[in-house]
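Work through the exercises below with the model open. Each solution goes step by step.

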Amino acid sequence: MNQQGILVVISGFSGAGKGTLMRALMEKYDKYALSVSATTRQPRAGEVDGREYFFVSQEHFKSMVENEALIEYAQYVDNYYGTPKDYVEKQRSAGKDVILEIEIQGALKIKKKFPDTLLLFITPPNAKELKRRLVSRGTESPDVIEARLKRAAEEAVGIEAYDYIIINDNIDDCVEELHHLIQAQHSKTSNRLDFINEVRNELNQL
Ligand code: 5GP
């Protein structure tokens with residue numbers, strides 16, 4: 001029986017290295033689909049509309065919310081971010097595991113709507129390294145870096161809501177850890193109810 005893909009939420013402090021990790025995971029395994037969010041934030045240098053994000057106006061974002069085109073959305077440091085519903089549903093039906101790289105408010109909303117979602121939290125080895133990565137990335141102004149570090153401190157309070165924490169000090173190790181955790185989630189009894197019922201029926205007919 002073709003198992004429906006599972007939902008995986010990946011969160012982590014700004015500067016934790018999630019973007020690099022996601023790219024490496026997608027390159028190595030073709031069984032995953034990375035959801036592309038809509039956002040009202042301005043593109044950074046090198047970001048392409050439809051690849052990193054769908055960059056939309058405030059009005060457009062509002063209409064997506066009103067038309068229930070998003071499965072969740074949240075505000076993060078002055079901008080809105082949301083997950084388009086269509087893509088997620090199509091990819092899951094096609095058997096792909098769909099990865100949502102979203103912040104904590106969205107993660108909690110998704111878990112409430114879809115209790116079998118796997119929630120993973122990525123962190124650098126320590127706070128100093130986080131600041132170093134944010135500064136050396138050079139894509140944000142000092143004000144925004146400060147706001148993002150403040151937000152990281154707030155998000156750190158909610159880490160226990162996640163199923164697993166992954167410490168990102170080596171990309172290759174991290175990719176493998178992510179892959180194994182996601183694959184293990186497929187074997188959870190709550191994700192195999194159809195199979196369990198099938199076996200039960202077969203046993204009853206023996
Ligand atoms: P950035 O501006 O650095 O690309 O993203 C800022 C934060 O927004 C990150 O924590 C990222 O994971 C989160 N984010 C990106 N897309 C979404 C989304 O669709 N929904 C929610 N709730 N958060 C998102």
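A polar contact is a pair of N or O atoms within 3.5 Å. Keep in mind that the model is predicted.

**Exercise 1.** Find which side chains place a polar atom close enough to an oxygen atom of the ligand to make a polar contact.

Solution.
- Start with R41: a polar atom of its side chain lies 2.6 Å from a ligand oxygen.
- Go on to Y53. An N or O atom of its side chain is 2.5 Å from an oxygen atom of the ligand.
- Then take E101, where the corresponding distance to a ligand oxygen is 3.0 Å.
- Next, the cover: on its own the ligand has 510 Å² of accessible area, and the protein covers 95% of that.

**Exercise 2.** Describe the shell around the ligand.

Solution.
- Count the shell: 16 residues surround the ligand.
- Pick out the closest: S37, R41, Y53, Y81 and E103.
- Sort by class. Five are nonpolar, four polar and seven charged.
- Map onto strands: β5 (70-76) and β6 (79-84) each give at least two shell residues.

**Exercise 3.** Locate the ligand and characterise its site.

Solution.
- Place the ligand: the largest pocket holds it.
- Take the volume. The largest pocket has about 1200 Å³ of space.
- List the lining: 40 residues, with G19, R44, E47, Y53 and E101 nearest the centre.
- Assign elements. Two or more lining residues come from each of α1 (18-28), β5, β6, α5 (127-137) and α6 (142-156).
- Find the largest share: α1, with six residues.
- Split the lining by class: 12 nonpolar, 13 polar and 15 charged.

Note on methods
Residues numbered from 1 in each chain as written. Predicted model: local features only at pLDDT ≥ 70, side-chain atom pairs only at ≥ 80, totals over all residues. Heavy atoms only, no water. Near = heavy atom within 4 Å. Polar contact = N/O pair within 3.5 Å; in protein donor to acceptor, adjacent residues only side chain to side chain. Areas by Shrake-Rupley, 256 points an atom, 1.4 Å probe, with all protein chains shown as cover. 1 Å grid on protein atoms, 1.4 Å probe; cavity = no way out; pocket = protein on both sides within 12 Å on 5 of 7 lines; lining within 4 Å. Sits in = over half its atoms within 2 Å of the grid points. Helix = DSSP H or I, 4+ residues; strand = E, 2+ residues; numbered from the N terminus. Nonpolar A, V, L, I, M, F, W, Y, C, P; charged D, E, K, R; others polar. Points joined across faces, edges and corners; volume = space filled by probe spheres on them.
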